[in-house]
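Got the viewer open? Let's walk through this one a selection at a time.

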Amino acid sequence: MHGTYPRAYFGPQMRPAYPALRAGTIGVMVGGAGAAARNIPAYRAGTMTRQEAVADTARTAFFAGAAAAVADAAARALGGSGALPTAAAAATGAAVMYYLAKSANEKTGDEK
């Protein structure tokens, strides 16, 4: 192929949802680690069963992942950097965490 250059490889194609998915994955890891750090002492003290600790850790990890993904999408919709997208990400993440926790507590009857 005379006159053409080889196509450079820059990694996988960036799909529109990929950044939010990546943010959600990081949110799951950070939220799960934080919940585990909170629940391990309660489990060791006997105030929480193993099943309760695992369920709460998984639930919190899911909530944090969902909040991070939605917050990332909100920030990117407003340009991705600066004060307004940062404020939007923080407010959106807090709102998602609040709504998910409130919905879960209403279903289980918990008052956490």
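What follows is a short tour, from the whole fold down to single side chains.

**Start with the whole chain.** Keep in mind that this is a predicted model. Show it as a cartoon and you should find three helices and zero strands, so the pattern along the sequence reads α-α-α. The protein has 112 residues, and 29% of them count as buried. Switch on a surface if you like: about 8100 Å² is exposed, with carbon and sulfur atoms supplying 67% of that. As for how the chain meets itself, take the contacts with a separation of 6 or more: 59% of them join residues 24 or more positions apart.

**Select 18-45.** This is helix α1, with 28 residues. From its first C-alpha to its last it reaches 41 Å, close to the 40 Å expected at 1.5 Å a residue. Now look along it for a bend: there is a kink of about 25° at Asn39, shortly before the proline Pro41.

Next, colour the buried residues of α1: Pro19, Ala20, Ala23, Gly24, Gly27, Gly31, Gly32, Ala35 and Asn39. Notice that Asn39, where the kink lies, is on that list too. Which helix do these buried residues pack against? Turn the model and you'll see that it is α2.

Before leaving this part, click on Gly46, just after α1. Gly46 takes a positive phi of about 85°.

**Select 50-77.** That is helix α2, and Phe63 sits in it. Show the Phe63 side chain. Is it buried or exposed? Phe63 has a relative accessible area of 8%, and because the cut-off for buried is under 20%, it counts as buried.

What does Phe63 touch, leaving aside its neighbours within four places in sequence? Pick out Met97, Leu100, Ala101 and Ala104. For a distance to try in the viewer, go C-alpha to C-alpha from Phe63 to Ala101: they are 38 residues apart in sequence but 7.6 Å apart in space.

Now click on Ala67. With the neighbours within four places in sequence again set aside, Ala67 is in contact with Gly93, Val96 and Met97. Met97 is thus on the contact lists of both Phe63 and Ala67.

**Finish in the core.** Select Phe63, Ala67, Val96, Leu100 and Ala104 together: these five residues form the largest nonpolar core. The elements giving two or more residues to this core are α2 and α3 (83-108). α3 gives the most, with three residues.

Key:
Residues numbered from 1 in each chain as written. Predicted model: local features only at pLDDT ≥ 70, side-chain atom pairs only at ≥ 80, totals over all residues. Heavy atoms only, no water. Helix = DSSP H or I, 4+ residues; strand = E, 2+ residues; numbered from the N terminus. Buried < 20%, exposed > 50% of the residue type's maximum accessible area, 1.4 Å probe, protein only. Contact = heavy atoms within 4.5 Å. Expected span 1.5 Å × (residues − 1). Bend = angle between axes of the 7 residues up to and from the residue. Core = buried A, V, L, I, M, F, W, Y, C linked by side-chain atoms within 4.5 Å. Areas by Shrake-Rupley, 256 points an atom, 1.4 Å probe, with all protein chains shown as cover.
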